[in-house]
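Reader: I'd like a close look at the empty spaces in this model, the pockets above all. Could you walk me through what lines them?

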Amino acid sequence: MKNLLNKKNACWLLLIAGSYGLISLLISAGVVNNVYLTVLMTIGINIILAISLNLIIGVTGQFSLGHAGFMIIGAYCAGVAVKQISASLGGILTGMLIGIAISGLVALIVAIPTLRLRGDYLAIATLGFGEIIRIVILNMKITNGAAGLILPKLVDWRIIFAAVVICTVIIINFCRSAQGRACISVREDEIAAEAMGINTTKYKIMAFVLGAMIASVAGALYAGAFYVIKPEMFTFNKSIDILVLVVFGGMGSFTGSFIAAGVIGVLNTVLQQFSDIRMILYGLMLVGIMIFRPSGLLGTKEFTFSALFSRFSRRKEVRE
């Protein structure tokens, strides 16, 4: 209990509460209108997707291109639950839990044969499985096929904010656990990790399954927030969009994923007025980042209050 009630955790709680209060204040003051609120919700969902993929790519070092497949499972489980069980927040939450369970099971089935592969072979295998998931959903009657599902708006920014906090806490705590450190050792040198007796396949599967389950949460939130879901929204291009967030922010940096989701979300909004050349400008900016900052905005660095406190204490010692 003492470990929970320390200065660092208190600062994180204050940061979360302050962020929530600031957003609420801006909305009540009319500074954040419906358009900006939609952008804010999109950024929140993208944060969840980015940190879940960063767990697989940045922490464990496994290159996956099938993340949209797990997002679509979460989205359609939530959508079908709303249609079949209850058109309420309870229906969304029920569908979210079902989606988490199915995504975990599917990820386990995908991971056992594919995570023994490495590099480009793993990327191609996960891409194939992601497309298989989408095609299966496309051909199911309960999902309404290519026409998709039209849903009521049941998720607001508060629910997405809470989901971002919960998913981040889960992933950060996993990374700081013994299992998470084993995943990091796999990323750094898989052969050396195996030589030290670490079951590398086990920990790669563990991270892959957790990342897939978190991605399904993002899919369920998307279904509840944006009315319409169709299989065409979750193609290979969606997986690439999520990958861009991870690479842009820095593989292995969850702080970078937060910043990348925010920057790219705002960038897409600003460039909407240049619809003819929007993708060209967007692509040029990404190319520029990769040329001048190939490791991403933050590389593998994380913002932590402990590092901030230690820096202040060092400065104080130098002055004294």
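Author: Let's start with the word itself: a pocket here is an open set of grid points, where a 1.4 Å probe fits, with protein on both sides within 12 Å along at least five of seven lines, and its volume is the space filled by probe spheres set on the points. Keep in mind that this is a predicted model.

With that in hand, take the second largest pocket, which holds about 860 Å³ of space. Its lining has 29 residues, and Thr42, Asn46, Lys238, Asp241 and Asn268 sit closest to the centre. Helices H2, H10, H11 and H12 (278-292) each put in at least two residues, with H2 giving the most, eight. By class, the lining of this second pocket splits into 16 nonpolar, nine polar and four charged residues.

Now for the largest pocket, at about 1,900 Å³. A total of 49 residues line the largest pocket, and the ones nearest its centre are Trp12, Thr168, Val169, Ile172 and Phe258. The elements that supply two or more lining residues are H1 (7-28), H2 (34-59), H6 (157-176), H7 (178-188), H11 (254-270) and H13 (305-319). H6 is the top contributor here, with 11 residues. Sort the lining of the largest pocket by class and you get 31 nonpolar, 13 polar and five charged residues. Notice that H2 turns up in the lining of the largest pocket and again in that of the second largest; H11 also lines the largest and the second largest.

What about closed space? Searching the whole structure turns up one cavity of 30 Å³ or more, and the largest cavity holds about 40 Å³. Its lining is made of Leu65, Gly66, Ala68, Gly69, Leu127, Gly130, Glu131, Phe234, Thr235, Phe236 and Ser239. H3 (67-84), H5 (119-138) and H10 (236-249) each give two or more residues to that cavity lining, and the largest share, three residues, is from H5. Class by class, the cavity lining has five nonpolar, five polar and one charged residues.

One last stop, on the outside: Ile132, Val136, Met140 and Ile142 make up a nonpolar surface patch with about 340 Å² of accessible area together. Met140 belongs to the loop between H5 and strand E1 (149-150). Its relative accessible area is 35%, so Met140 counts as partly exposed. For contrast, look at Ile205 in helix H9 (residues 200-225): Ile205 counts as buried because its relative accessibility is 14%, below the 20% cut-off.

Notes
Residues numbered from 1 in each chain as written. Predicted model: local features only at pLDDT ≥ 70, side-chain atom pairs only at ≥ 80, totals over all residues. Heavy atoms only, no water. 1 Å grid on protein atoms, 1.4 Å probe; cavity = no way out; pocket = protein on both sides within 12 Å on 5 of 7 lines; lining within 4 Å. Helix = DSSP H or I, 4+ residues; strand = E, 2+ residues; numbered from the N terminus. Nonpolar A, V, L, I, M, F, W, Y, C, P; charged D, E, K, R; others polar. Patch = residues over 30% accessible without salt bridge, like charges linked within 9 Å, V, L, I, M, F, W, Y side chains within 5 Å. Areas by Shrake-Rupley, 256 points an atom, 1.4 Å probe, with all protein chains shown as cover. Salt bridge = Lys/Arg side-chain N within 4 Å of Asp/Glu carboxyl O. Buried < 20%, exposed > 50% of the residue type's maximum accessible area, 1.4 Å probe, protein only.
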